[in-house]
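The following exercises train the reading of a protein structure. Please attempt each task before turning to its solution.

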Amino acid sequence: MTLGTTYLGLDLAHPVIAGASPLSATLDGIKRLEDAGAAAIVTASLYEEELIDEEEALEAAAMVGAESHPEVTSYLPPRCGCRSPLAAHLETIRRAAEAVALPLVASLSATTREGWAGIAADLQAAGAAALELNFHHVATDPTETSADVERRLVETVRDVRAAVHLPIAVKLSPYFTALPHLAAGLAEAGANGIVLFNRLYEPDIDLETMTFQPNLELSTREDIRLPLMWIALLSGKTALCMAASGGVERTDDVIKYLLAGADVVQTVSALLRHGPEHLARLVKGLTEWTQGHGATSVAEVRGRMSADRLDDPEVLVRAHQTTALLLRHPCRHAGRGVTGL
Ligand SMILES: Cc1cc2nc3c(=O)[nH]c(=O)nc-3n(C[C@H](O)[C@H](O)[C@H](O)COP(=O)(O)O)c2cc1C
């Protein structure tokens with residue numbers, strides 16, 4: 001029995017990988033995830049916006065003294081003796097790529113065209129095995145259309161493809177309307193995979209202080225449904241390989257994603273909740289389930305429940321079923337906000 005799988009052209013021991021999070025932000029964290037049994041690790045994103053902020057803060061710190069007393073520049077160490085945040089991140093990637101045997105997927109979230117292509121090339125030079133482009137864009141400009149957003153995304157992939165030879169995965173938010181069309185555009189631009197989906201930062205209002213508060217809650221098993229549906233719908237219809245991300249807590253969730261057609265399954269919240277060692281439990285459970293169901297490989301499990309292999313693929317998208325379910329099981333749904341439907 002083999003759990004061996006391929007993702008972005010990389011050979012992996014099994015399909016469970018550690019998604020981008022603070023757990024993969026440091027060399028120690030990355031080593032711990034490898035020891036815990038991850039098949040691959042996506043590093044915490046490098047945010048270009050953050051780099052720009054930190055660079056400006058360093059510049060400002062260097063200038064404060066210099067402006068107050070001209071001679072002060074003679075004793076200020078160059079840029080406060082600090083390594084630039086970009087250099088520090090690249091150094092972590094370089095050391096981690098040397099230290100671990102499994103593939104390191106470097107996550108990047110840039111804001112400028114130069115940032116996407118330039119930093120992608122830096123990450124490649126640092127030793128990343130693949131890139132995960134984290135498109136975190138909230139469209140707030142009323143003149144920006146959804147077509148504009150998608151076009152920019154595809155152009156970004158084209159720019160990055162021209163700058164690197166590494167495999168590229170694109171991590172998307174769940175809010176794209178015509179996902180199959182977008183996936184085709186990303187594949188044509190040179191992407192190799194998509195990650196469905198990222199979790200957006202959704203601040204909440206604190207009624208005491210009357211301020212917006214950062215609110216990044218860990219996911220729950222309920223969060224599996226939307227990515228599960230899209231993976232099942234896209235499987236067999238896209239040239240891109242697919243990573244599932246969202247709501248993996250138990251082995252059952254990993255299996256569902258594989259059945260829908262995911263090539264790999266990422267997990268973050270469960271590892272933050274139970275520790276990286278939880279990875280080994282997920283893999284053990286997957287081994288047992290696969291054997292118990294008479295399969296000899298993950299390939300035999302993958303995609304068995306994808307839309308193109310269902311007798312009735314419409315079951316995934318039928319709108320009237322919502323109403324029918326509520327009429328049939330009103331008690332089960334009581335108190336769950338169904339009146340808003
Ligand atoms: C604390 C925390 C930090 C995260 N940081 C990143 C990040 O740096 N880059 C990224 O692409 N996703 C990041 N994510 C999103 C996760 O990679 C993942 O897509 C999301 O949490 C859904 O998976 P899960 O249900 O297994 O947690 C973060 C999530 C959490 C909870």
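**Exercise 1: The ligand and its surroundings**

Task. Determine which residues place polar atoms beside oxygen atoms of the ligand in this predicted model, and describe the shell around the ligand.

Solution.

Step 1. Begin with serine 245, which has a polar side-chain atom 2.8 Å from an oxygen atom of the ligand.

Step 2. Consider how far the ligand is enclosed: on its own it has 610 Å² of accessible area, and the protein covers 90% of this.

Step 3. Turn to serine 219, where an N or O atom of the side chain is 2.4 Å from a ligand oxygen. With alanine 20 the partner is a polar backbone atom, and the distance to an oxygen atom of the ligand is 2.7 Å.

Step 4. Survey the whole shell. It holds 21 residues, and those that come nearest are Ala20, Ser45, Ser219, Gly247 and Ser269. Sorted by class, the shell contains 9 nonpolar, 10 polar and 2 charged residues.

**Exercise 2: Backbone angles**

Task. Locate leucine 8 and methionine 210, and decide whether each is buried or exposed.

Solution.

Step 1. Recall the general rule: most residues other than glycine have a negative phi.

Step 2. Examine leucine 8. Its phi is positive, about 55°, although the residue is not a glycine. Leucine 8 belongs to the loop between β1 (5-7) and β2 (10-12). Because its relative accessible area is 6%, below the 20% cut-off, leucine 8 counts as buried.

Step 3. Examine methionine 210, whose phi is also positive, near 50°. This residue is placed in the loop between β10 and β11 (211-213). Its relative accessible area is 64%, over the 50% cut-off, so methionine 210 counts as exposed.

**Exercise 3: A peptide bond**

Task. Identify the two residues joined by a cis peptide bond, with omega about 0°.

Solution.

Step 1. Recall that most peptide bonds are trans.

Step 2. The cis bond joins leucine 196 and phenylalanine 197.

Step 3. Place phenylalanine 197 in the fold: it is found in the loop between β9 (193-196) and β10 (204-206).

**Exercise 4: The chain as a whole**

Task. Summarise the protein chain by its helices and strands, its buried residues and its contacts.

Solution.

Step 1. The chain has 12 helices and 13 strands.

Step 2. Of its 341 residues, 46% are buried. The accessible surface is about 17600 Å², and carbon and sulfur atoms account for 55% of it.

Step 3. Take the contacts between residues at least 6 apart in sequence: 68% of them join residues at least 24 apart.

Technical notes
Residues numbered from 1 in each chain as written. Predicted model: local features only at pLDDT ≥ 70, side-chain atom pairs only at ≥ 80, totals over all residues. Heavy atoms only, no water. Helix = DSSP H or I, 4+ residues; strand = E, 2+ residues; numbered from the N terminus. Buried < 20%, exposed > 50% of the residue type's maximum accessible area, 1.4 Å probe, protein only. Contact = heavy atoms within 4.5 Å. Areas by Shrake-Rupley, 256 points an atom, 1.4 Å probe, with all protein chains shown as cover. Near = heavy atom within 4 Å. Polar contact = N/O pair within 3.5 Å; in protein donor to acceptor, adjacent residues only side chain to side chain. Nonpolar A, V, L, I, M, F, W, Y, C, P; charged D, E, K, R; others polar.
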